[in-house]
Amino acid sequence: MLFRKRNERIRKIGGSTVNITLDETLRPLWKLTLYCGVLLDWCLPASNNSRLCRVLRCIGIFISSSLLFAMLLFELTQLLVGIESASNIHAIIPNLLWSVPIFIAFAVQLYSLRQRRKFLGFFKKWRQLEMEIAHLNPHRVMCESRKMHVMMYVTYGFMTMASLVSLGLDIFNRPEATYLMSTYQTVRETIPLLLIGTIHLMSILLIWILSSLADFIPAFTYYHASLAVSCLENEVRTLFAERNYADDLLHHSISSRLSSAVARLDSFPVKQSNLKPAAIELEESIRLIWTRFEAIDEMVSRADSLFGSFMVYGQAGAIFFTTALVYSVLYNLSDALQLRSAGPVLSYSMNLIAIVFRFVSSLIISSHLHRSTGKFRASLTYLLSKHWNRMKKEDRELFRSFLWRLQIDPLVARPLGVYCITPSVLLSVFGVIVSYVIVLLQTK
């Protein structure tokens with residue numbers, strides 16, 4: 001296939017080094033959503049695109065969408081009923097924890113299906129950008145380790161299995177829970193509990209798949225953009241190092257020849273300090289690097305608008321879940337201490353750990369772009385100050401213009417232009433969660 005040939009070409013550019021492209025990073029998730037009938041091809045064109053396969057995929061998408069929509073209606077109904085009879089906020093938190101993720105998963109599926117062609121166009125353009133950067137610096141690759149990618153996929157898989165197991169036990173131990181269809185005695189007597197559990201487990205599995213999609217696509221896109229910026233930084237350093245080595249070699253050769261001539265002729269001394277290295281000409285190379293940087297900035301802007309809704313809604317939901325779960329753990333902590341059992345807080349604690357890991361990991365991975373841009377700007381400033389006297393006036397002005405461009409409009413992830421993803425965002429979110437937990441505890 002065409003995209004595989006392009007990836008092979010990127011691998012061959014660096015010799016024996018392997019470059020892991022964004023396509024390859026997202027391919028496990030792409031295969032999972034494609035062959036499980038959750039989405040159509042959104043990252044790469046499907047290899048088997050016969051009419052029968054398309055029909056089967058459409059049927060699978062219709063079934064999964066119908067299941068999510070039906071479960072969403074049920075959970076919203078149960079939430080409204082629970083609000084009328086709830087004695088406090090804690091009584092409706094289980095219903096909120098079920099209805100909100102189903103709503104987010106359903107919205108992610110509909111948005112992905114609607115924006116499918118834009119998704120394909122974005123990843124096609126990104127493959128072209130990776131090829132251009134690989135040709136610009138053939139001795140380095142943007143990503144050569146799968147350690148982080150594999151760890152994220154394995155962790156999400158483990159959390160999905162843990163959620164399915166805990167929910168299965170909850171269904172059989174507490175079939176009368178208000179967020180389960182078996183809460184009605186008529187349903188329990190009519191439909192086998194195993195079938196009810198299967199329906200709920202399928203909805204949970206779809207929620208985890210679609211939430212992983214919403215987490216991984218923007219986070220890994222920003223991460224690979226940071227790797228591309230790091231590649232440009234390495235190219236600038238290599239450029240100065242090559243010019244510096246060539247000038248030093250030329251200066252040493254001329255000095256040694258003149259010294260030998262003076263020693264033989266013994267006529268007059270030569271002041272070696274008058275020998276100045278040749279000026280470094282960088283205009284063409286810096287313009288090429290600047291062009292590549294603007295291309296990366298354009299793709300990041302497209303990702304902000306195309307995938308930004310995933311991060312905004314997903315992280316807003318994560319903040320809500322974290323606040324509700326922390327409040328639930330503290331609310332039931334006294335009962336757990338009196339009973340000397342972790343039962344009242346165990347399920348809330350496990351879900352809290354999973355939500356916090358998802359939220360923090362996606363923010364940390366996305367914030368790599370902010371750090372790479374800052375490091376790139378610092379490297380350019382250092383090289384400019386070090387080689388100032390050896391650069392032509394035109395190159396200095398170009399270099400300063402590039403630095404000013406990086407200073408006034410830094411490259412950073414801005415989902416939907418709402419906020420910038422930097423490591424300091426975690427402190428702000430922590431403050432918001434603490435404030436809301438205190439407010440909820442005062443209503444106890």
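This is a short tour of the structure in your viewer, one selection at a time.

**The whole chain**

Start with everything shown, and keep in mind that this is a predicted model. Colour by secondary structure and you should find 13 helices and 0 strands in the protein chain. Walking from the N terminus, the elements therefore read α-α-α-α-α-α-α-α-α-α-α-α-α. Now switch on a surface. The accessible surface of the protein chain is about 23,200 Å², and carbon and sulfur atoms account for 62% of that. Of the 444 residues, 47% are buried. Among contacts in the chain with a separation of 6 or more, 79% join residues 24 or more positions apart.

**First stop: H3 and H4**

Select residues 51-85 for helix H3 and residues 93-114 for helix H4. How are these two helices placed against each other? Their axes are 9 Å apart and meet at an angle of about 150°, which means that H3 is roughly antiparallel to H4, as the angle is over 145 degrees. The crossing of H3 past H4 is left-handed.

Next, show side chains at the contact. On the H3 side, pick residues including Ile61, Leu68, Phe69, Met71, Leu72 and Glu75. On the H4 side, the contact residues include Leu96, Trp98, Ile102, Phe103, Phe106 and Leu113. Taken by class, the contact of H3 with H4 holds 14 nonpolar, 6 polar and 1 charged residues.

**Second stop: H9 and H13**

Move on to helix H9, residues 283-339, and helix H13, residues 425-442. These helices pack at an angle of about 45° with axes 9 Å apart, so H9 is oblique to H13. Their crossing is right-handed.

Which residues of H9 and H13 make the contact? From H9, select Ile319, Thr322, Thr323, Val326, Tyr327 and Leu330. From H13, add Val429, Ile433, Tyr436, Val437, Leu440 and Leu441. The contact of H9 with H13 has 10 nonpolar residues, 2 polar ones and no charged ones.

While H9 is still selected, look for Ala336, which belongs to this helix. Is Ala336 buried or exposed? Ala336 has a relative accessible area of 7%, so this residue is buried. Then draw a distance from the C-alpha atom of Ala336 to that of Leu346: these residues are 10 apart along the chain, and the two atoms are separated by 9.4 Å.

**Third stop: H11 and H12**

Select residues 368-386 for helix H11 and residues 393-408 for helix H12. The axes lie 10 Å apart, at an angle of about 155°, which means H11 runs roughly antiparallel to H12. H11 passes H12 in a left-handed crossing.

To see what meets here, show Phe376, Arg377, Leu380, Thr381 and Leu384 in H11. Opposite them in H12 are Phe399, Arg400, Phe402, Leu403, Leu406 and Gln407. The contact of H11 with H12 is made up of 7 nonpolar, 2 polar and 2 charged residues.

**Last stop: Leu416**

Finish in the loop between H12 and H13, where you will find Leu416. What is there to notice about its backbone? Leu416 has a positive phi of about 60°, although this residue is not a glycine. Most residues other than glycine have a negative phi. Its relative accessibility is 40%, so Leu416 counts as partly exposed.

Methods
Residues numbered from 1 in each chain as written. Predicted model: local features only at pLDDT ≥ 70, side-chain atom pairs only at ≥ 80, totals over all residues. Heavy atoms only, no water. Axes fitted to C-alpha atoms, helices over the stretch in contact; angles between N-to-C directions. Helix = DSSP H or I, 4+ residues; strand = E, 2+ residues; numbered from the N terminus. Parallel < 35°, antiparallel > 145°, perpendicular 65-115°, else oblique. Left-handed = near helix turned anticlockwise from the far one by under 90°. Contact = heavy atoms within 4.5 Å. Nonpolar A, V, L, I, M, F, W, Y, C, P; charged D, E, K, R; others polar. Buried < 20%, exposed > 50% of the residue type's maximum accessible area, 1.4 Å probe, protein only. Areas by Shrake-Rupley, 256 points an atom, 1.4 Å probe, with all protein chains shown as cover.
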